[in-house]
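Welcome! Here is a short briefing to help you find your way around a structure that is new to you. Take a look at it first, and then follow the points below.

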Amino acid sequence: MEHTHTHDHHHGHHHEITNVNTAFIIGILLNMAFVITELIIGFSSSSLALISDAGHNATDVFSLLLSLFAFKMMKVKASENYTYGYKKLSILTSLLNAILLIITTGIIFYEGIRRINAPVEVQGKIISLVAIIGVAINAISAWLFFKDRDKDINIKGAYLHLLSDALVAFGVVVAGAVIYFTHWFWLDTAISFVIGIIILVATWRLLNDSIRLALDGIPRGIDLAKVKQTILDCKVVTGVHHIHIWPISSNENAMTAHILINPLDIGEFEKIKQTVKHQLAHINIHHVTLEVELQDSITNCSTSN
C-alpha cells in the first residue's frame, strides 16, 4: 500500500515535465542551424562578437542535448546495481554544463585580449542582421521552457541560457549598428567581453546548485526547519532527529529520519507514517524512509547508561 502511494504520486509529478522533450528538440534544431550560420558569417567577416556568440550558442546546443539525454535516462528503470536508476545523471549533466560554459568564457576572453592591440575591421551591417536572427531564435527557444522552468534544475539551466542568449544577441545587434555608423571596430571585441561576463554571471549559480546537488546537499527550495516542523505537526509525533535529505535527480528528493512517538500510539504507526509522507510530498520530498522510536525505550536507554 505504502509503495503504491508514493509511486503514484511520483508518476503524476513526472508527467508534468514530459512535454519538455519537444521543447528540447525544437531548441536544439533551431540553435544548431543558427550556430552554423554564425560561424560561417563570423569567420568570413572576421567578427569576434559573432564567433564568440556562436561559441556561446554551441555550448547551449550541447547543454540542451545533455539535458535531453538526462531526461531520457531518468526514465530508465532501476537495476540491481543502480537501485535509483540513472536519475543522478541529470545533476552531473548540469554540473558539466556549467563547467563547459566557464571554459567557453575563458576562450572568448583570451581571443578578446589578443585583439585589443589590433582591432580587426568588421562589417557592422552583417553583424546586426545575423544577431537579429539570434534574438528571435533564442527568444522562441526560451519561451518553450518558460512554464516548466521551476520544476527542474536542467530546464531552468536551459531557460536561463536561452534567455541570456537572446539578450546578448540583442546587444550584438546594437553594437553592429554602432560599428556600421561609426567604424568603432574595437566595439566588436568589447561586446565579446560583455558576452563573456554575462555567461559567467549566469553560470555561477548553476555551478553552485549543481555542486551542492552532486554532493548530496539539501536542494535549493527545501528548508530543513520547515521539514522538521511539518513532521512535528503530525499530532502523535513527539520528536524527530537524524534527518538526511538529498537529491536523487534534479527534480526528485529523498529523506530518511527517526521519529519519536509515545509507546501508547504504536498501533497508529502505519497511519502516522502515511500522514508524514503525505505532508512531505507537498514540500517536494517523495522518497521517505522513517524509522520509529518509542519514547520510553529511549529514556530507559539513557538512564541505564
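T230 lies in helix 8, which covers residues 224–232. Please keep in mind that this is a predicted model. T230 makes a handy starting point, and the bullets below go on from there to the other helices, the strands and a patch on the surface.

**T230 and helix 9**

- T230 counts as buried because its relative accessibility is 15%, and the cut-off for buried is under 20%.
- Leaving out residues up to four places away in sequence, T230 touches Q279, L280 and I283.
- L280 is also one of the buried residues of helix 9.
- The other buried residues named for helix 9 are I272, K273, Q274, V276, K277 and A281.
- Helix 9 runs over residues 269–282 and has 14 residues.
- From its first C-alpha to its last, helix 9 reaches 21 Å, close to the 20 Å expected at 1.5 Å a residue.
- After helix 9 comes N284, which has a positive phi near 70°.

**Helix 6**

- Helix 6 takes in residues 153–182, and its 30 residues should span 44 Å at 1.5 Å a residue.
- The end C-alpha atoms of helix 6 are 43 Å apart, so the span agrees with that expectation.
- H183 sits just after helix 6 and has a positive phi of about 60°.

**Two leucines in helix 3**

- L64 is found in helix 3, and L65 has its place in this helix too, within residues 48–74.
- Is L64 buried or exposed? L64 is buried, because its relative accessible area is 1%.
- L65 counts as partly exposed because its relative accessibility is 39%.
- Setting aside neighbours within four places in sequence, L64 is in contact with F24, G27, I28, N31, F145 and A158.
- L64 and L30 are 34 residues apart in sequence, and their C-alpha atoms are 11 Å apart in space.
- L65 joins F62 and L96 in making a nonpolar surface patch of about 250 Å².

**The strands**

- Strand 1 (residues 237–249) and strand 2 (residues 252–261) pair in the antiparallel sense, with 9 bridges.
- What joins strand 1 to strand 2? A hairpin does, through 2 residues.
- Across this pairing, I245 stands opposite M255 in strand 2, and H241 has H258 in strand 2 as its bridge partner.
- Strand 2 also pairs with strand 3 (residues 287–294), here in the parallel sense and over 8 bridges.
- In that pairing, T256 stands opposite T289 in strand 3.
- Why is strand 2 described as largely enclosed by the rest of the structure? The reason is that 9 of its 10 residues are buried.
- As general background for viewing strands, side chains in a regular strand alternate between the two faces of the sheet.

Terms used: Residues are numbered from 1 along each chain as its sequence is written. This is a predicted model: local features need pLDDT of at least 70, side-chain atom pairs count only at pLDDT 80 or more; totals for chains, interfaces and linings use all residues. Side-chain values use heavy atoms; hydrogens and water are left out. Patches are made of residues with over 30% relative accessible area and no salt bridge: like charges are joined within 9 Å, nonpolar side chains (Val, Leu, Ile, Met, Phe, Trp, Tyr) within 5 Å. Accessible areas come from the Shrake-Rupley method with a 1.4 Å probe; for residues, only the protein chains shown count as cover. A salt bridge is a side-chain nitrogen of Lys or Arg within 4 Å of a carboxyl oxygen of Asp or Glu. Helices (H or I, at least four residues) and strands (E, at least two) are DSSP runs, numbered from the N terminus. Buried means under 20% relative accessible area, exposed over 50%, partly exposed in between (1.4 Å probe, protein chains only). Two strands pair if DSSP finds at least two bridges between them. The expected span of a helix is 1.5 Å times one less than its number of residues. Contact means heavy atoms within 4.5 Å.
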